[in-house]
Amino acid sequence: METVTTEQRNRRERRFRFGRGMFRALRGVSVASTGIAVLALFAVIIYVLVGGAGKLSWQLLLGAYRGDQVSILPAFIGTLELVLIAVVIAVPIGIGSAIYLVEYMNNKGKLVKIIRVATETLAGIPSIVYGLFGYLVFVVSFGWGYSLLGGGITLAVMILPVIVRSTEESLLAVPDGFREGSYALGASKVRTIFRVVLPSAAPGIVTAMILAVGRVVSESAVLILTVGMVVNLVPVTPMSSGTSLALDIYYFASHGYPNEAAATAVVLLVFVVCLNLLAGGVGKLMKKGMGET
């Protein structure tokens, strides 16, 4: 029978007290970091709301742009068109790429590594570089000039890595037992993917799509070089120049409309916050509908 000496007991107690002290210190740091992040978020929200909520008016939101009577209606329409173009292009390509990587390549092989490095590299490129790419390709080389279509395609390229990675993680989270059960019942691979795997991964995919839309809405550097920042005209076709809510904030602030810039910031902030809340709510509802907690 092993005998524990007093020295060994004291050493164990010291290690225990040290570990407990480290745990409490790390927990305190974690709580403080979380508090700072939450306070910073609320500080930004409160500052923007206090500075711009009182400047909102129907003329600014829905009125016609006439002289000094500015309006963000063209920005609303331009933002919606940009979101539509970017989502229609990026979502099918992103989901299809993720399905190929996970379901057909089994997330292995040199090609998968190359594609993953490429997507991670694209995700880390500054947005101004995407803007230069869109300007050189669509504005100059294709001869489209400043257009919503060129801006939307550039935004699609920018959010594509986010959709690929998020969809890939959602597909990997689906248990292999779902696939094996489907195969055991005689379903083909394609039928298993579209009837079993994708519905199970849908909450994560939808959440990624909504968050990608939030990035499109709040982007400005890309659009300055591709869309053209025409703030006083409602775009007629995708080949028209236009603007967005983020570009309107920059335009109003730099052309002597500080109140309108603050009010537009409120609209953009509310829109982005609603998108984030919608992403979380939709994800939870879809998981609840599938019987997950």
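Reader: Let's start with helix α6. Why is glutamate 168 called buried?

Author: Happy to begin there, keeping in mind that this is a predicted model. Glutamate 168 has a relative accessible area of 1%, and buried means under 20%, so the label fits.

Reader: Why, then, is arginine 165 called partly exposed?

Author: The relative accessible area of arginine 165 is 24%. Buried stops under 20% and exposed starts over 50%; 24% falls in between, and therefore arginine 165 is partly exposed.

Reader: What makes the pair of glutamate 168 and arginine 165 a salt bridge?

Author: Their closest N and O atoms are 2.9 Å apart. The cut-off asks for an Arg or Lys side-chain nitrogen within 4 Å of a carboxyl oxygen of Asp or Glu, so this pair qualifies. Both residues sit in helix α6 (residues 148–172), three residues apart, which is about one turn of the helix.

Reader: What about glutamate 169: how do you know that it forms a salt bridge with arginine 165?

Author: The same test works here. The closest N and O atoms of glutamate 169 and arginine 165 are 3.5 Å apart, and the limit is 4 Å, so the pair counts. Glutamate 169 and arginine 165 are four residues apart in helix α6, again about one turn of the helix. With a relative accessible area of 43%, glutamate 169 is partly exposed.

Reader: Which residues are linked with these in a network of salt bridges?

Author: The network links Arg116, Arg165, Glu168 and Glu169. As general background, side chains of opposite charge can pair when their charged atoms come close.

Reader: How many salt bridges does the structure hold?

Author: There are six. One of them joins arginine 179 and glutamate 103, whose closest N and O atoms lie 2.8 Å apart.

Reader: Why can one say that this pair ties together parts that are 76 residues apart in sequence?

Author: Arginine 179 belongs to helix α7 (residues 176–184) and glutamate 103 to helix α3 (residues 73–104), so the salt bridge ties those parts together. Both partners are buried.

Reader: Which residues does threonine 192 touch beyond four places away in sequence?

Author: Threonine 192 touches Arg179, Ser182, Tyr183, Ala187 and Val197. Threonine 192 is found in helix α8. At a relative accessible area of 1%, against a limit of 20%, threonine 192 is therefore buried.

Reader: Is glycine 214 buried or exposed?

Author: Glycine 214 has a relative accessible area of 9%; that is under 20%, so glycine 214 is buried. Glycine 214 is also placed in helix α8 (residues 189–218). Its C-alpha atom is separated by 32 Å from that of aspartate 176, 38 residues apart along the chain.

Reader: Moving on to helix α3, why does proline 74 count as buried?

Author: Proline 74 is found in helix α3 and has 3% relative accessibility. Buried means under 20%, so proline 74 meets the condition. Beyond four places away in sequence, proline 74 touches Val231, Asn232, Leu233, Val234, Pro235 and Thr243.

Reader: Now the surface. What makes arginine 12 eligible for the patch of positive charge?

Author: Patch residues need over 30% relative accessible area and no salt bridge. Arginine 12 has 45%, so the area condition is met. Arginine 12 lies in helix α1 (residues 6–52), and Arg9, Arg12, Arg14 and Arg15 gather in the patch.

Reader: Which residues make the nonpolar surface patch?

Author: Val38, Leu41, Phe42, Ile46 and Val50 make that patch, of about 490 Å². Take phenylalanine 42, found in helix α1: its relative accessible area of 47% is over 30%, so it passes the area condition. Phenylalanine 42 is still called partly exposed, because exposed would need over 50%.

Reader: One last check, in the loops: what stands out about phi of methionine 229?

Author: Phi of methionine 229 is near 60°, a positive value in a residue other than glycine. Methionine 229 lies in the loop between α9 (221–226) and α10 (245–254). Another loop, between α4 (110–124) and α5 (127–141), holds isoleucine 125, which is partly exposed with a relative accessible area of 25%.

How values were computed
Residues are numbered from 1 along each chain as its sequence is written. This is a predicted model: local features need pLDDT of at least 70, side-chain atom pairs count only at pLDDT 80 or more; totals for chains, interfaces and linings use all residues. Side-chain values use heavy atoms; hydrogens and water are left out. Helices (H or I, at least four residues) and strands (E, at least two) are DSSP runs, numbered from the N terminus. Buried means under 20% relative accessible area, exposed over 50%, partly exposed in between (1.4 Å probe, protein chains only). Patches are made of residues with over 30% relative accessible area and no salt bridge: like charges are joined within 9 Å, nonpolar side chains (Val, Leu, Ile, Met, Phe, Trp, Tyr) within 5 Å. Accessible areas come from the Shrake-Rupley method with a 1.4 Å probe; for residues, only the protein chains shown count as cover. Lys and Arg count as positive and Asp and Glu as negative; His and the chain ends are not counted. The place of a charge is taken as NZ of Lys, CZ of Arg, CG of Asp or CD of Glu. Contact means heavy atoms within 4.5 Å.
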